Amino acid sequence: MQYTRLAQAYQRLEETSARLKLIEVLAELFGETPKPLLRKVVYLCQGKIAPDFAGVEIGLAEKLAARSVAEAAGAAEDRVQSLLRRRGDLGTVAEELLAERGTRRSHLTVQEVFDHLEAIAQASGKGAQTQKISSLADLLRRATPLEARYLVRTVTGKLRLGVGDASILDALAEVYAGGRANRAPLERAYNICSDLGLVAETLVRGGVAAVEGMEVRPGHPVRPMLAQRLATSEEILAKLGGVCAAEYKYDGERVQAHRLDGKVVLFSRRLENITEQFPDAVELLQHGLRPKRAILEAEIVAVDPESGELRPFQELMQRRRKYGIEEAARRIPVGLFCFDLLYGEGGDLTRRPYLDRRRALERAVRTGDRLQLATWKLVRSVEELDAFFEQAVADGCEGVLCKSVAEDAVYQAGARGWLWIKHKREYRTELQDTLDLVVVGAFYGRGRRSGTYGALLVAAYDPSEDTFRTFCKVGSGFSDEDLAHLPHRLRPYQVDHRPPRVDSKLEPDVWFHPAVVLEVVGAEITLSPTHTVAWGRLKEGAGLALRFPRFTGRYRDDKRPEDATTVEEIWELYQRARHRAVRVGEREG
Ligand code: ATP
């Protein structure tokens, strides 16, 4: 397969702002891809050569890639740099310079490109830089201008096509599973292995049945199971059939620990490898985990080195750093509260009910001071659940997580279902729960805020259509420091037209690819003619919006944009608030 075919697809993807068109272009491409190449083509459409968790970065710095461009185009480096300053994108510069050499046919194949990219990623040690530069120059010399545009963007990690994982799954289902309606098994497989290339390969080799048979495997992070929220013990017990396992909800960072080949690897909530950050947690698990192969989930919490008491989340955040890790580990030690086991002695446990997994977890962990199991209790009444909740809060937790003990209470990777329901302190004190919203645009500031943004346009996620729908403009809650940094922080995601996955009636001054997630609180949810969350659902020509939104100061870097609050959650919050208002009205009336 020629690389030109891929470059043409990239160009069409880049030019569209309609999601269905994205899927159509991808489906056409996947349909034409020879089966043995599909895995690689899928990675390349994500701008990668391996799944994220593998930690393979092509990431050649722009400065170095500019040298390859100069070398391949026979141009002076100064000229490349000055064009780069004007165009702002090295891919465009490469395209322009190569076009000056006159048009030519390319014979680059996808396989060759992939091999080169792998070599660039793997080069290390002495002479690696020179090797990377010349490897890219070699590709560029043989490329057409259009191919050069995308080769450079891929190598520098800037291939932003606006293609989400869900669109790739849709396109795969369209071509190889009999239509988009059959996406579910592919999605489940992706949720448990986090590797789109592997799902694609399994699908073309063994069909949907092979994909359905895929199991979790240590080393491949599993998309976390998430919780719904409810405000009272009555509602929770009603929803869970009158009985549930209530667990403390610790306020720390979720971690998924994988043990294989004598090693422990830690993944964050968004499946990034965070092993280096927590050498102390790794050590606790090396000694405390019995099975040689395992996947365990726990909340990492900062603990007071003297008293052993739980410390607030903000302290744990100081452990997120690149340097001085040992010293930080001494200053802010952590403890682990384990709450699930996804893989253990019996292999894949995700299809087993909660109580089985909890028992397996108890057998698997040798507990100690800093390695504990989440405190839990089987509760059958509102009084019991209320008392347990009070105890959790008194012990320094955010609230409780109530888990279904039904026979079908499996581990639902990547889903926010009703098998887990969270209940936090905020819901009781009438304080609003926080929402995690994605920045999709910005409006320029005036006066004191000139030079930065006056407000950000933020959106909730709609997984059913893989779309981000706007929910409010948020301008308050930002410190001067936040404001000063915002343009810099958001610049990498800036695009010149509405990204295809964004649904907005407003036209902000700048658009962004959905990437940055902010924690926001607001006073209430109301009907709105401008925002597109739940558009037309309650009333024609109206969606939902958050009134008086305020940034809490917490960037949710632990969440991918697809992990943001969903449209469905907002809809439910809105419905519940309406019912409450009606109930209060009835009582008062
Ligand atoms: P939040 O922002 O409230 O932490 P979230 O969107 O990150 O929520 P939820 O599914 O709503 O995730 O809440 C579950 C989170 O609570 C988990 O991701 C985990 O980090 C944390 N947690 C703490 N204790 C437990 C527990 N015992 N069982 C499961 N999750 C727990």
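**Close-ups of the ligand site and the two domains**

**View 1. Strands around the ligand.** Four strands pitch in here: strand 1 (226–229), strand 2 (244–249), strand 10 (399–403) and strand 11 (416–424) each supply at least two residues of the shell around the ligand (strands are DSSP runs of E, at least two residues, numbered from the N terminus). Strand 11 gives the most, with four residues. This is a predicted model, where local features need pLDDT of at least 70 and side-chain atom pairs need 80 or more, while totals for chains, interfaces and linings use all residues. Residues are numbered from 1 along each chain as its sequence is written, and side-chain values use heavy atoms, with hydrogens and water left out.

**View 2. The ligand's neighbours.** Count 19 residues around the ligand (a heavy atom within 4 Å); Ala227, Glu299, Lys403, Lys422 and Lys559 are the closest. The shell has 11 charged residues (Asp, Glu, Lys, Arg), eight nonpolar ones and no polar ones.

**View 3. Polar contacts to the ligand.** Look for N or O pairs within 3.5 Å. Backbone N or O atoms of Ala227 and Tyr250 take part: Ala227 sits 2.8 Å from a ligand oxygen, and Tyr250 sits 3.1 Å from a ligand nitrogen. Arg416 brings a polar side-chain atom 3.1 Å from a ligand oxygen. On its own the ligand exposes 600 Å², and the protein buries 94% of that (Shrake-Rupley method, 1.4 Å probe).

**View 4. Where the domains meet.** Domain 1 (226–425) and domain 2 (431–582) have C-alpha centres 29 Å apart. Their contact (heavy atoms within 4.5 Å) takes 13 residues from domain 1 and 16 from domain 2.

Definitions and conventions: Polar contact = N/O pair within 3.5 Å; in protein donor to acceptor, adjacent residues only side chain to side chain. Domains from an automatic or database assignment.
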